[in-house]
Amino acid sequence: MNEVMISTPVSTSFLSVGLPLKISLSLSQQKVMYGSTLLGWKEHAWLVCELPSQLSHTTDILAGTSCTVSYLFEGKLVGYKTEIRDLLLAPVPILFLAFPKTVEEMHLRKHARVSSSEPALLTRADFGSHAVSVLSASDYAGGLVKDLSLGGCSIALATVPVWLRPGATIHLEFELPSLGHVTNLAGVVKNTEDGDGANVVGIEFKFDRLEFIEYRGWGGSVRDAIEQWTAQKSPDMFPIR
């Protein structure tokens, strides 16, 4: 990945209500990462965000616990070190973080490709001139996402159905760990090849606003989710010190 790290003066220009966040911290001597959503802030005082559901039942989080926050903003990966100030469970689960003192921006290469190993379901969508209202079992194929970028992905399959050929239109369903479950994402098969005992299919995404993601937070687009996930794949991009 082609990266340029830039430190910038602290202001609210790197903040936007509704941003999907990645929060990394050490819990019970293990480094963990949770998804959240930025709800608001008070400049030079605190940030307020959604309390990750995984933390709603823990008593191990203390005020002053160090953490890092990172997210994609205007084509850059933004990250900063902060600390937990407080958390509330009622009336709504909220996490308060200290306003960062410094912010780092990482400019990423367009369509960075990262490794993955998530199951995927491929559904036939290209039937030519034949109208089909009910799909049969032969119109589905299961595989494993090998790598993923904003532009597309590679999927390994044990066997390739006859309809999964270059130029075919399909729909995809797969998981973005810690972010959500993607469904009805359109794609076009670009190529197929053999490798490592499996058939590998290259797919180009076609975002048509009919795709959907069941977010682990409060919403967002599939395109933004994939862009964020590929940019933030490494939890050590902005390490905790």
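**Val-160 and its surroundings**

Q: Where does Val-160 lie?
A: Val-160 is in the loop that runs between β12 (152–157) and β13 (169–176). The model is a predicted one.

Q: Is Val-160 buried, exposed or partly exposed, and what is the value?
A: Val-160 has a relative accessible area of 31%, and therefore counts as partly exposed.

Q: What does Val-160 contact, apart from its neighbours within four places in sequence?
A: Asn-199 and Val-201 are in contact with Val-160.

Q: And how far is Val-160 from Ala-141?
A: Their C-alpha atoms are separated by 7.8 Å, while along the chain Val-160 and Ala-141 are 19 residues apart.

Q: Which strand has Tyr-140?
A: Tyr-140 belongs to strand β11, which covers residues 140–148. The relative accessible area of Tyr-140 is 37%, so this residue is partly exposed.

Q: Which residues share a nonpolar surface patch with Tyr-140?
A: Leu-121 and Leu-135 do. Together with Tyr-140 they have about 220 Å² of accessible area.

Q: Changing topic: how many disulfides are there?
A: The structure holds zero.

Q: Why is there no bond from Cys-49 to the closest cysteine sulfur?
A: Because the distance is too far for a bond: the closest cysteine sulfur, in Cys-67, is 8.3 Å from the sulfur of Cys-49. For a disulfide the two sulfur atoms would have to be within 2.5 Å.

Q: Is Cys-49 buried or exposed?
A: Cys-49 is buried, with 1% relative accessibility. Cys-153 is buried too, at 2%.

Q: How much of the protein chain is buried?
A: Buried residues are 45% of the 241 residues in the protein chain.

Q: What about the surface, how much area does the chain expose?
A: The protein chain exposes about 12500 Å², and 51% of that comes from carbon and sulfur atoms.

Q: How many helices and strands are there?
A: The protein chain has one helix and 16 strands.

Q: What share of the contacts joins residues at least 24 apart?
A: It is 62%, counted among contacts between residues at least 6 apart in sequence.

Q: What is the mean pLDDT of the chain?
A: The mean is 82, and 80% of the residues reach 70 or more.

Q: Where is the pLDDT below 50?
A: Over residues 1–6. In the model this stretch has 22 contacts beyond near neighbours in sequence.

Terms used: Residues are numbered from 1 along each chain as its sequence is written. This is a predicted model: local features need pLDDT of at least 70, side-chain atom pairs count only at pLDDT 80 or more; totals for chains, interfaces and linings use all residues. Side-chain values use heavy atoms; hydrogens and water are left out. Helices (H or I, at least four residues) and strands (E, at least two) are DSSP runs, numbered from the N terminus. Buried means under 20% relative accessible area, exposed over 50%, partly exposed in between (1.4 Å probe, protein chains only). Contact means heavy atoms within 4.5 Å. Accessible areas come from the Shrake-Rupley method with a 1.4 Å probe; for residues, only the protein chains shown count as cover. pLDDT is the predictor's confidence in each residue, from 0 to 100. Patches are made of residues with over 30% relative accessible area and no salt bridge: like charges are joined within 9 Å, nonpolar side chains (Val, Leu, Ile, Met, Phe, Trp, Tyr) within 5 Å. A salt bridge is a side-chain nitrogen of Lys or Arg within 4 Å of a carboxyl oxygen of Asp or Glu.
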